[in-house]
Amino acid sequence: MTEIIDGDAVASQIRDDLTDAIETLADAGARPGLATVLMGDDPASQTYVNMKQRDCEEVGIESYHVDVDGDASPETLYDEIADLNDNDDVHGYIVQAPVPDHVDYREVIRRVDPAKDVDGFHPENVGRLVAGDARFRPCTPHGVQKLLESADIDTEGKDVTIVGRSDIVGKPLANLLIQKADDGNATVTVCHSRTEDLAEKTRSADVVVAAAGAPELVDGSMIGEGAVVIDVGVNRVDADNEKGYELVGDVEFESATEQASAITPVPGGVGPMTRAMLLYNTVKAASLQEDIDVDLP
């Protein structure tokens, strides 16, 4: 039987485990604060922001939100970022991507205070991660590691193939998995659109992480028997149902389960973990800024 790795359950446990740390900080007068910044009115981005605000309310993190008109100048957004950098009540914040085309997202990230960069995207935090001294692990890669840990999957000495080389998932996850650490020590191959014979790379892997943003790119014929499959993709495709669409991953689930020993579903796999690890990073940021030791899960 293929094990279905339940991201909803693991994320719920992490949120529960964070409660004590949040209360420790609050008792010391330092309740963690997370802000979201949304420039424009993209519906999907608004949904993500609303979910993050609900997550904060559930665990006792103070939630703040800043709306910026989508037609405003980049400087307007930069001014809001500067205000958040100076706001002692906000320990971490994220600028929801995508931003409008006239704004350089890389410049946005560079303006975020690295100590409040709970996404882990600032060049300083990327450098620390690569050097093996991460301040914040990016939320989705860290969530993948937590899912593997929850299923007692040891990556030491294992061959891991990551399909996708994004700055958000593929690159940081590869760097985390090769670290000399209990949740690392893997041999990692990173594949992308220029990779020749992708199926050969995935079939030889002990663990396959699909993070290419391509619906059902990886099917069962590309999975070695007994491999572990982590599906990061969330793709909306047309469907004959009331909504007119359904969500699928980067992995063709049914055929993959015939080969895999363990697999994450979509939805209910990596997605909830990304949100849980954002809360984790916010609590860690508050602990570091307030110089209060807390136990993190």
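Let us start with a single residue, Cys 56, in this predicted model. Its relative accessibility is 1%, so Cys 56 counts as buried, the cut-off being under 20%. Cys 191 also has a relative accessibility of 1%, and therefore it too counts as buried.

With cysteines in view, you may wonder how many disulfides a search of the whole structure finds. The search finds 0. Cys 56, for its part, is in no disulfide, and the nearest cysteine sulfur, that of Cys 139, is 11 Å away. That distance does not meet the criterion for a disulfide, because the two sulfur atoms would have to be within 2.5 Å.

Now step back to the chain as a whole. Of its 297 residues, 49% count as buried. The chain has 10 helices and 11 strands. Its radius of gyration is 19 Å, close to the 19 Å that the globule rule gives for 297 residues, so the chain is as compact as a globular protein of that length. Along the principal axes, the C-alpha trace spans about 50 × 40 × 35 Å. Sequence-distant parts of the chain meet as well: among contacts between residues at least 6 apart in sequence, 69% join residues at least 24 apart. As for the outside, the chain exposes about 14100 Å², and carbon and sulfur atoms supply 43% of that area.

Next, look at one stretch that has a record attached. UniProt, in an unreviewed entry, lists residues 138-288 as "domain: Tetrahydrofolate dehydrogenase/cyclohydrolase NAD(P)-binding". In the model this span is 33% helix and 19% strand, and its end C-alpha atoms lie 17 Å apart.

A good helix to visit is H7, which covers residues 170-177. Is H7 mostly covered or mostly open? It is mostly covered, with 6 of its 8 residues buried. Those buried residues are Gly 170, Pro 172, Leu 173, Ala 174, Leu 176 and Leu 177. What do they pack against? Their neighbours are two helices, H5 (123-130) and H6 (139-150), together with the strands S5 (159-163), S6 (187-191) and S7 (207-210).

Our last stop is a pair of strands. S9 (residues 235-238) and S10 (residues 245-248) pair in the antiparallel sense over 4 bridges. One of the residues involved is Asn 235, whose bridge partner in S10 is Val 248. The two strands form a hairpin with 6 residues between them. In the turn sits Gly 244, which has a positive phi of about 90°.

Definitions and conventions: Residues numbered from 1 in each chain as written. Predicted model: local features only at pLDDT ≥ 70, side-chain atom pairs only at ≥ 80, totals over all residues. Heavy atoms only, no water. Pairing = 2+ DSSP bridges. UniProt positions renumbered as here; feature names shortened; annotations may be inferred. Buried < 20%, exposed > 50% of the residue type's maximum accessible area, 1.4 Å probe, protein only. Contact = heavy atoms within 4.5 Å. Rg over C-alpha atoms; globule rule 2.2 N^0.38 Å. Areas by Shrake-Rupley, 256 points an atom, 1.4 Å probe, with all protein chains shown as cover.
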